[in-house]
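This report describes one protein chain, part by part. Please keep the sequence and the model in view while reading.

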Amino acid sequence: MLVVVLALGLWLLGWVLGTPKPLRWGAIGVLWLAAVGVNLALPEGHPLREMTGGDARVWLAVALGFAVVVGYRAMLSRLKSRVAAVNVPTPSAFSEAEVARYARHILLREIGGPGQRRLKDARVLVVGAGGLGAPVLLYLAAAGVGEIGVIDDDTVETSNLQRQIIHADQRVGMDKVESAEIAMRAMNPYVQVKPYKRRLDAETAGLIAEYDLVLDGSDNFDTRYLINQLCVAAGKPLIAAAITQWEGQLSVYDPAREGPCYACVFPVRPAPGTVPTCAEAGVAAPLPGVLGSMMAMEAVKLITGAGAPLRGRLLIYDALYAETRLIGVKRRADCTVCGAVH
Ligand SMILES: [Zn+2]
């Protein structure tokens with residue numbers, strides 16, 4: 001008791017005199033040494049020894065407990081500063097409002113500050129602002145992809161609104177790329193949207209060179225095979241999905257990084273009229289939402305390097321029975337599109 005009272009007295013005296021903390025700890029250290037010394041030097045039963053604990057081992061245990069607490073706190077603060085160093089983007093990279101906006105991404109170990117920075121620096125081209133394009137564009141904008149190009153030559157029709165959730169009733173008749181831009185800017189003013197009101201064809205092929213990654217949400221085989229060719233030639237990864245009625249499929253085509261291209265997996269282009277389009281066969285409203293969200297997810301993964309992308313795997317989703325299948329797909333040496341190039 002005497003030692004504890006003396007220690008508290010020393011600390012209070014130091015506090016009143018404004019003595020720096022290390023000095024105060026030093027004084028208490030000297031007091032501790034004195035207590036240990038008294039307990040070792042004086043015989044058992046000596047009144048002074050009784051007043052200072054009676055046993056030097058008590059004071060060794062106190063010191064040990066103190067060391068454990070101090071060590072634990074030091075470790076905790078070191079871990080905290082390390083997490084902060086890794087995950088908080090530098091002020092020059094993000095405004096305070098952006099850090100607040102992307103906080104849930106920054107918390108993820110696989111994305112963090114550096115991943116969010118990569119998203120901001122990324123340039124992604126989305127072909128088609130329809131059923132698949134709608135969730136793709138909204139999620140890429142929400143995720144903070146810095147530059148998003150969208151190419152489509154259609155206008156919004158009433159029959160689109162059953163599933164193309166990026167458009168709105170009052171925008172029927174507007175160009176789809178313009179309608180999409182309005183929704184994306186309303187969602188996130190920090191991303192740059194580049195609308196291209198045209199079809200992707202041989203003439204507009206140069207666009208691909210300006211982007212790091214292409215997402216194909218087009219609804220016809222001509223465009224799909226053309227995008228694949230252009231991406232293979234430019235060495236850009238392609239995330240492509242297709243849907244009809246209740247079923248959809250999705251993969252990442254990236255022959256520049258050991259994966260197959262679209263033509264490796266689908267070498268024979270279906271004869272015109274053999275595969276019905278959504279306009280002919282119908283499509284369930286949330287289906288493009290499921291596949292389009294998965295496309296956006298793959299894009300976020302490819303850009304940030306998180307997890308394992310669907311490269312070399314084809315995902316098939318059967319909504320009617322809530323079943324998914326994954327099929328391994330390989331590059332073909334005799335592929336007419338990527339075989340000769342690589
Ligand atoms: Zn190929």
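## Strand β4 and its partners

In this predicted model, strand β4 covers residues 213-216, and its side chains point two ways: L213 and L215 to one side, V214 and D216 to the other. All of these residues are buried.

Strand β4 pairs with two other strands. Strand β1 (residues 123-127) runs parallel to β4 and is joined to it by four bridges; here V126 has L215 of β4 as its bridge partner. Strand β5 (residues 238-244) also runs parallel to β4, and three bridges join them. In that pairing, D216 stands opposite A240 of β5.

## Strands β6, β7 and β8

Strands β6 (residues 247-253) and β7 (residues 313-318) are antiparallel and are joined by four bridges. The bridge partner of Q249 in β7 is I316. Strand β7 is also antiparallel to strand β8 (residues 323-328), with six bridges between them, and R313 stands opposite G328 in β8.

β7 and β8 make up a hairpin, and four residues lie between them. One residue of the turn is A322, which has a positive phi of about 50 degrees although it is not a glycine. A322 counts as exposed because it has 7 C-beta neighbours inside 10 Å, where 12 or fewer make a residue exposed.

## The nonpolar cores

Which residues have the most contacts inside the largest nonpolar core? They are V124, L137, L140, I148, M295 and A299, in a core of 61 residues. Helix α13 (residues 287-304) supplies nine residues, the largest share of this core. Setting aside neighbours within four places in sequence, A299 is in contact with V124, L140, L213, L215 and I239. L213 and L215 are the two residues that point one way from β4.

A second core, separate from the largest one, has five residues, and V3, A35, V38 and W59 are among them. In soluble globular proteins, nonpolar side chains tend to be buried together.

## The loop between β6 and α11

Two residues in the loop between β6 and α11 may be set side by side. C261 is placed in this loop, and α11 covers residues 262-265. E258 is in the loop as well. Is each of them buried or exposed? C261 has 26 C-beta neighbours inside 10 Å, so it counts as buried. E258 has 11 such neighbours inside 10 Å and therefore counts as exposed. E258 is not a glycine, yet its phi is positive, near 75 degrees.

Apart from neighbours within four places in sequence, the contacts of C261 are N228, V232, Y253, P255, C335, V337 and C338. C261 and G54 are 207 residues apart in sequence, and their C-alpha atoms are 81 Å apart in space.

## Helix α1

Helix α1 (residues 2-17) has 16 residues, and at 1.5 Å a residue they should span 22 Å. The end C-alpha atoms are 22 Å apart, which agrees with that value. One of the 16 residues of α1 is buried, so the helix lies largely in the open. Just after α1 comes G18, with a positive phi of about 75 degrees.

## Helix α2

Helix α2 (residues 21-41) has 21 residues. From its first C-alpha to its last it reaches 30 Å, close to the 30 Å expected at 1.5 Å a residue. Its buried residues are A35, V36, V38 and N39. They lie on the same side of α2 because they cover an arc of only 160 degrees around the axis. The other side of α2 has exposed residues: P22, L23, G29, V30, L33, L40 and A41. Of the buried residues, A35 and V38 are included in the second core.

## Domains

How far apart do the C-alpha centres of domain 1 and domain 2 lie? The domain assignment of the chain gives 2-87 as domain 1 and 122-328 as domain 2. The C-alpha centres of these two domains lie 65 Å apart.

Methods. Residues numbered from 1 in each chain as written. Predicted model: local features only at pLDDT ≥ 70, side-chain atom pairs only at ≥ 80, totals over all residues. Expected span 1.5 Å × (residues − 1). Buried ≥ 20, exposed ≤ 12 C-beta atoms within 10 Å, placed from the backbone. Arc of directions from axis to C-beta. Core = buried A, V, L, I, M, F, W, Y, C linked by C-beta atoms within 7 Å. Contact = placed C-beta atoms within 7 Å. Domains from an automatic or database assignment. Pairing = 2+ DSSP bridges.
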